[in-house]
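User: Could you take a close look at one part of this model for me, the salt bridges and the places they connect? I would like to see how that part fits in with its surroundings.

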Amino acid sequence: MAKPIEIEAQGLCYTRGSRVIMNQLSCVFPRGRISVLAGPSGSGKTTLLRMIACLIRPDQGALRIDGEADLTELGLGAVRAFRRRVGMLFQGGALLDSMSVFDNVALPLREHSELGEAEIRDEVHRVFEAVGLDSVDALLPGQLSGGMVKRAGLARALIEKPDLLLCDEPFSGLDPPTVRRIEELLMQVNQSGGATMLITSHHTESTRRMADHLVLLLDDGAVSGDTKALLQNDARVAEFFAESTSPALAKGAP
Amino acid sequence: MRESPRLEIWVGAFVLIGLAAIAYLSVAIGGLTAGGPGGLEIIASFDEIGGLKSRARVVVGGVKVGQVKSVALAPDFRARVTLDIDRRLELPLDSSASILTSGVLGDQYIALEPGGGDDMGGKGPKFLAAGDEIQYTQGAVILERLIGKLIQNLGSGPSKTDASDAEPDSGAASEEGSK
Amino acid sequence: MNPAAALRALGARSIALVRDLGRFALFSVRLVAAGVQPPWRARRLIREIYDSGVLSLVIVCISGVAVGAVLGLQGHNTLVRFGAAGQLGAVVGLSLIRELGPVLTSLLVAGRAGSAMAAEIASMKVTEQLDGLRMMSVDPLDFVGAPKALAMVLSMPLLATLFTLFGIFGGYLVGVVVLGGDPGSYISTLQDAVRFTEDVVGGLLKAGVFGVLVALIATYRGFTAHPSSAGVSAAATSTVVIASVATLVSDYFITALWGY
């Protein structure tokens, strides 16, 4: 059963060329909650997400899971084992475009589990239902609409019942009604499965609505904590959300 | 992963045709034999083998019966050629071997001519067996020597005889080939 | 540019080149290691053989006939001067089997299938499909790279042989049918001249080596592409250039070594 993961970032530093992307970044992503990673463009949201996914390594610092292992020190085998507990929804869905949607979502099961084809089919349809997809089995990813791509990507991320779900800009490129639907879907997933969820988003409205925990990356460091509390008490947070509202509306809509 | 059966058929056809092409190239054109009807090894020694190489053809009456297995220098400075020919052949003991050229500028090959069945004074089997040596051999014609002799003969007039251009190594009739 | 700066630039370039070669070698080792271990991806391999092999058939066969025809034409005109027109079959056959078959096929395949392979992998990188695989604990080298590379290695000798046979046919068309050469001589000199070990095996060996080179270069350029549209096209074009040069250079060394 799901054992949601808690992640703590300690003193992360990352520089690309002459740009300092992270400087002594520390924050916590609490167990089983929905955390949103917000901030202006280039603040390092996606970078942090990719570090947690072990796709890149920070120059310095540690990422502790459940207070024990440090993600930045893991060898290849340990990374593989960790990733079995993680599901990731990429911004563009990252589905393999030469395979059908069904085959894409079934891939993790076909690779890692001993299930037979009939059982795999049941699992895939179960997760399709959970994300609200219907009759897409034989379609290719290129034939799906933006919202459906996100759902399919989410289905693939969820099929192995992960303890940690990472979502990179799940609302990008979607119209407002679809944004609401995906938002509800994610909250539903969190409630039913209990996995820790980490979402990067520009979308201030959704963040306000769904985030239990907020990590805001600003130039002078990160502000993190309970969303409602921060919005009320922290001036920087309130300012970010206030001034982001207007450009966000223009940006959030496709 | 489901692939359309059409695709798999194409791939299968491609691989089959490709392998068939390789097989055709090897056998029909490259002369690959599956072990072949060889097996009988006999020896022939020559003063001069010219351009004869191993795997050169060995023919009887123009028909290929085997190939040259190896060429080595014998202690008496003659060339010792090992032939690998069809083991079903029954060649009389007094058969001869000559080195001929295909065409004017072609490869060299060995032509065997069955002898008359002369016993050669022995009481043993009448045919060449494994390891036997052919007694009558005719070496290769070297074009340069031929021309040299010709010029010599022309230069010194018709009084100099010995107009034969190749020296037989023994009593068998001399023969130059061109196909 | 002052000489000191030029020298520094040259030094930096050379070091970068050596470093790239090292990266390429390490990548190749990892790719081969991934390929020879289970899981065997038969379905993907079949699909990749279709992409590299079957789809290259048309260009290979047409080019084969064309090259054979030219050899027939040139060969005939040259041999006639030496009174050796009957040797045309041997000339066309040997040229194709030993050299032109493997080399030209490799160049054509590098251009068609090699660049497509690199571009496909690079665009998978841009759209994060490779990262997606990693997050599912599937090694992209094993899932994507190895089947593509293996398909190329298997397809190359088959295509080279087809090129050669079509070329011999093309030479026959021109030398015999058009220019009136003797069909019997064409075929018999061809058969006499071609030896299985030196010529046919040598040619297949070359094709195999070229297949390996093109496969490794295409997958490497794909995996290390810059994640942008410019990066995708750069991966494709650099594959064609590098693979072609590698083919031609290694051709010399294989020829020298195989003929002792």
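**A salt-bridge network and its setting**

Analyst: Happy to. In this predicted model, a good place to begin is chain C, where the side chains of R134(C) and D131(C) meet in a salt bridge, with 2.9 Å from N to O. The two residues sit 3 positions apart in helix α5 of chain C, so about one helical turn separates them. Their surroundings can be described one by one: D131(C) is buried, at a relative accessible area of 11%, while R134(C) has 28% and is partly exposed. This pair belongs to a wider arrangement, as salt bridges with shared partners join R50(A), E128(C), D131(C) and R134(C) into one network.

Let us follow that network towards chain A. E128(C) forms a salt bridge with R50(A), and the closest N and O atoms are 3.3 Å apart. E128(C) is in the loop between α4 (88–126) and α5 of chain C, whereas R50(A) belongs to helix α1 of chain A, so this pair joins two chains. Both E128(C) and R50(A) are buried. The cut-off matters for reading that word: a residue is called buried when its relative accessible area is under 20%, with the protein chains as the only cover.

Two backbone details are worth a stop along the way. On the chain A side, helix α1 (45–52) is followed by a loop that runs to β4 (60–65), and C54(A) is found in that loop. C54(A) has a positive phi of about 65 degrees although it is not a glycine. Most residues other than glycine have a negative phi. C54(A) is also buried, at 16% relative accessible area. On the chain C side, the loop between α5 (129–135) and α6 (140–178) holds S137(C). S137(C) is not a glycine either, and its phi is positive, near 60 degrees. With a relative accessible area of 12%, S137(C) is buried.

Helix α6 of chain C leads on to another feature. L73(C), F169(C), L173(C), V177(C), V178(C) and L179(C) make a nonpolar surface patch of about 520 Å². Its largest share, 4 residues, comes from α6(C). One of the patch residues, L173(C), is found in helix α6 and counts as partly exposed at 33% relative accessibility.

Elsewhere in chain C there is one more backbone point to check by eye. The peptide bond from P38(C) to P39(C) is cis, with omega near 5 degrees. Most peptide bonds are trans. P39(C) has its place in the loop between α1 (3–35) and α2 (42–52) of chain C.

Back to the salt bridges: a search of the whole structure finds 30 of them over all chains. Another one lies within chain A, where the side chains of R33(A) and D212(A) meet at 3.6 Å, N to O. This pair links distant parts of the chain, 179 residues apart: R33(A) is in the loop between β2 (19–29) and β3 (34–38), and D212(A) is in the loop between α7 (204–210) and β8 (213–218). R33(A) counts as partly exposed at 40% relative accessibility, and D212(A) is likewise partly exposed, at 24%.

Now for chain A as a whole. Its secondary structure comes to 9 helices and 9 strands. The radius of gyration of chain A is 18 Å, which agrees with the value near 18 Å that a compact globule of 254 residues would have. Along the principal axes, the C-alpha atoms fill a box of roughly 55 × 40 × 35 Å. Of the 254 residues, 52% count as buried. Among contacts in chain A with a separation of 6 or more, 65% are between residues 24 or more positions apart. Chain A exposes about 11300 Å², and carbon and sulfur atoms supply 49% of that area.

Finally, a word on confidence in chain B. Chain B averages a pLDDT of 77, and 75% of the residues score at least 70. Over residues 163–168 of chain B the pLDDT is below 50, and this stretch has 9 contacts beyond near neighbours in sequence. Residues 170–179 of chain B also stay under 50, and the model has 21 contacts for them beyond four places in sequence. Where pLDDT is low, the predicted coordinates should not be read in detail.

Key. Residues numbered from 1 in each chain as written. Chains lettered and ligands numbered in written order. Predicted model: local features only at pLDDT ≥ 70, side-chain atom pairs only at ≥ 80, totals over all residues. Heavy atoms only, no water. pLDDT = per-residue confidence, 0-100. Contact = heavy atoms within 4.5 Å. Buried < 20%, exposed > 50% of the residue type's maximum accessible area, 1.4 Å probe, protein only. Patch = residues over 30% accessible without salt bridge, like charges linked within 9 Å, V, L, I, M, F, W, Y side chains within 5 Å. Areas by Shrake-Rupley, 256 points an atom, 1.4 Å probe, with all protein chains shown as cover. Salt bridge = Lys/Arg side-chain N within 4 Å of Asp/Glu carboxyl O. Rg over C-alpha atoms; globule rule 2.2 N^0.38 Å.
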